[in-house]
Structure formats: structure tokens, C-alpha cells
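Have the coordinates open in your viewer for this one. We'll start from one residue and work outwards.

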Amino acid sequence: MHHFIDRRANPKGKSLGNRQRFLRRARENIKKMVDKSVRDKSVTGADQGDGERVTIPAKGIKEPFFASSSKGGFRQHVLPGNKDFVVGDTIPRPKGGAGGSGKKGSEDGEGEDGFSFTLTRDEYLEILFEGLELPDLVKKNTVETETVGTRRAGLTTAGTPNNLNLVRTMRNSLGRRIALQRPSSAALKALQDELENLESIEDESEDHSARIVELKEKLAIMDRRRKLVGYIDPIDLRYDTTVPEKIRNSRAVVFCLMDVSGSMQEREKDLAKRFFMLLHLFLERAYEHTEIVFIRHTHQAQEVDEETFFYARETGGTIVSTALTKMREIIDERYPTDEWNIYGAQASDGENFGNDSVKCKDLLFDTLIPVCQYYAYVEIVGENDEKLLSDREEGADLWQNLREVDQSFPQFEMRRVAEPGHIYPIFRDLFTANKKERAS
């Protein structure tokens, strides 16, 4: 859960309720812009970068307040406890009253400039994956392990150099230098340059000499002030601190199955990789001890590492059942079903060889779905296949066979995507927390 801390002084005319509504609106806008930004990211850029610049429209995030009108006359006021209005009511703007026509220039044409700031990578991912979880993660007592880890416990003013929080330290340093008006290096250099220029000119006039004296005095004052107000002061230093914490872990493994056959063109592979990149980032962030198994398949399947899974370019024919068979083999070899929570995520364009789709259905029915906590299938269709996107009963042989699995097992879900903008909403839908409660 991400927390916003409002440290502003309590101004006159702004109630606690108004401030809470302001924070809710700001949070909703930030979440909306983060969701939007992830749709535009490239596959290679999804897990890179130190932060994300977010711009939210200024409209709607101003704190409302009531104030006396400077024009006098009779006014109607809405006060706390009013019997005529309840939470959520809107008050029409006075006609012909005070107020300008609004500022111009926001990117969405709402009439005001946007409010831009930068989220750190952790903040960005926390908002991006807020409310998601691996469905039905069961704590299996026979293998539950307890390890001693650490968790962050804020900042302190004392610590070791390796725990120095550079960002917070430099922020404190900058604030102190601004408050104490420490001369900048640029200002100092400007005076030095001017003094050198004047001294290089052979001019014995009084004005010339007076200016040189004046500059030397200013430089002396600047030097003295820069020595008094250091660039970094001990009071600026902040250190990260951690406290020990016992962590109870339930073992979980997630299988990522991706079709890379010849029918999967660059567009289809890009969409599949976007889905798995989101899943990978989510698992890395939310589940420290969850294992991920990557399987690529054409007419044959192989277990690969992360680099090969996302960037290798080999291709071939399509036999989807080979990936399911490989998944079952790996489960039998390394992940006993009574000890591990097993999850599967599969992406394909739905093309399959001959009668292999029936074999896929049988494998899922008989060997995989009964041992899986959750299995998600994502089919990538053409950009103009509106009929396939809107009608679940339409589809090729593989889709039709998997629909039978979907109708028989609640832990199996299937979705279709056609463009990058579909990936994140479907990802959230597949991995939203409390899916059982939502279904009921």
C-alpha cells in the first residue's frame, strides 16, 4: 500500500474532509496516469530506468475552500452539517460571477497546466501493481519456511557510510543552501570573470578602479559566506535504517509459456513479451522467493533462461502441447505438487498444428489444471478481429478446446488481446486480489 503524507501547514479555510478528498483525487489521477504510461512503454524499456515522470492535470486537484467575496452583497454558503447537500453533490458555478475564464495550455485541453513530478522506480512499480496478487496462494504447512530478513524502518541521522541515503541527504543540503543563501559556483565564477576582464584592461579612471575594488569586496564576502555555509553539513546527512523481521514463505513457482512459432510475427511476439514482462516485474517485486520457469515453444519446447525467453529469435512450426508436456515434466522433476503452489501463464496466437488442440485440452484437464492454483491463457488476435474480441464463442480450434477447460475449472481463465493498450487492463483483471470474493 502506498501512502501519501501531507506535511503542509494547516491553512485557514481548508477542512480535514477537504484535504482528504484532495489526496484521494490526487492519488486517483496518479494511478490513472501510471496505468496510461505503461501502455506506451516498449518491451525493452519496461524494466529499465531510475524513475518515471508523471504529469497529471491540474484541474480537480486543487483543494476546495470557502472564502469571503471581495465584492460584498448577499451570498449563499454551504457549511458543514448542511441539510440540503450531501457528500458527492455538485454545486453549479455562479453565472456571471467572479472568476476568470481559466488558464490555458494543459496537454488535455482542460484549461490549466499539468502538474509534473518524478516517481522513483519503486514508487512507480508500487502504484502499478497495487492490488494485485497471485490468486489462491496457499500456505502449505509442510514446506512453509521462516527466514530472518530485514525491512526498511525509515531514516536516521546516524549510521554507516554504506547506508547513506544520497537523495535525502542532497535534498536537505539543497534546502539548507537555499535557505541560508549560499552563493552558487556560477555566481562566484561570473564575478571572477568580470574581475579578470577589468584587470586586463589598462584603464586608470576612477570608475574603473572603483569597480575593481567593489568586485574584490564582493568576492571576499562570497568566499567567506561559502566557507560559513558548507555544501554539505553534518545536519544534512540521513542514513537508511533497517530492522530484522521474520519472513514466512510459501513456495510458489510460476511457469511462463510463450509461443514463438512462425505464425507469431513481431507484433504478436511484442504483445506476448509485454504481458510476460509485466508478470515478471510483478513477481520480482511482490514475491521475493517465487521461482519463475520460462518455456518457449515452436514445434518443440524447451526451458530457457530469462534472456533467451525475451530476446532469442529462433522460430519454427507450432505444436502447443509440447510446452504443456514440458511444464508437466518440470513439475514432476523439481516441484512436488504437495509442496509447491504452481501457477501457469501462457500466450499464443491460437494457431496450432492438426489435432494438437485436443491433446492440449486433455493435458490441461488430466495433468496440469488439477495441480495448478491458477492458470491464465492469453490469446493474441489480429488488430481488426473485432468479432473475436467481442464474442468468446468465436475462435479457432485451440480457443474452442480451451473454452471447455475454462468452463470446467474456476482456476483457469482466458482472455484475448489485440493491441498494447489491452495488455495492462487484462493483466490487472487476471491477477486482481481477492478474485473469489469478486466472483461471488
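In which strand does I342 lie? I342 sits in β8, residues 341-348; helices here are DSSP runs of H or I with at least four residues, strands are runs of E with at least two, and both are numbered from the N terminus. Before going further, note that this is a predicted model: local features need pLDDT of at least 70, side-chain atom pairs count only at pLDDT 80 or more, and totals for chains, interfaces and linings use all residues. Residues are numbered from 1 along each chain as its sequence is written, and side-chain values use heavy atoms, with hydrogens and water left out.

Back to I342. Its relative accessibility is 0%, so I342 counts as buried (buried is under 20% relative accessible area, exposed over 50%, partly exposed in between, using a 1.4 Å probe and protein chains only). Leaving aside residues up to four places away in sequence, I342 touches a list of partners including V253, F255, M327, I331, Y335 and V371; contact means heavy atoms within 4.5 Å. I342 and A252 are 90 residues apart in sequence, yet their C-alpha atoms are 5.8 Å apart in space. For the chain, take the contacts between residues at least 6 apart in sequence: 78% of them join residues at least 24 apart.

Now for the sheet. Six strands make up an open, mixed sheet in the order β7-β6-β5-β8-β9-β10. Two strands count as paired if DSSP finds at least two bridges between them. Strands of a sheet pair through backbone hydrogen bonds, either parallel or antiparallel. β7 (301-304) and β10 (412-417) stand at the edges with a single partner strand each, so one side of each has no neighbour in the sheet. From one strand to the next, the twist averages 20 degrees.

At the β7 edge, β6 (residues 291-297) and β7 run antiparallel, joined by four bridges. A hairpin of three residues connects β6 to β7, and R296 stands opposite Q302 in β7.

At the other edge, β9 (residues 374-380) pairs with β10 in the parallel sense over six bridges. Within this pair, A376 has E413 as its bridge partner, while Y377 stands opposite M414. Helix α12 (residues 420-430) packs on the sheet, touching β9 and β10, and its direction makes about 170 degrees with that of β10; such angles run from 0 to 180 degrees between N-to-C directions, with axes fitted to C-alpha atoms, for helices over the stretch in contact. Are the residues of β10 buried or exposed? Six of its six residues are buried: F412, M414 and R416 on one side, E413, R415 and V417 on the other.

Finally, look at a helix pair. The axes of α8 (residues 321-334) and α9 (residues 356-368) come within 9 Å and cross at roughly 20 degrees. The two are therefore roughly parallel, a label for angles under 35 degrees (over 145 is roughly antiparallel, 65 to 115 roughly perpendicular, the rest oblique). On the α8 side, the residues that meet α9 include L324, M327, R328 and I331; among those they face in α9 are C360, L363 and L364. M327 and I331 also touch I342, which brings us back to our starting residue.
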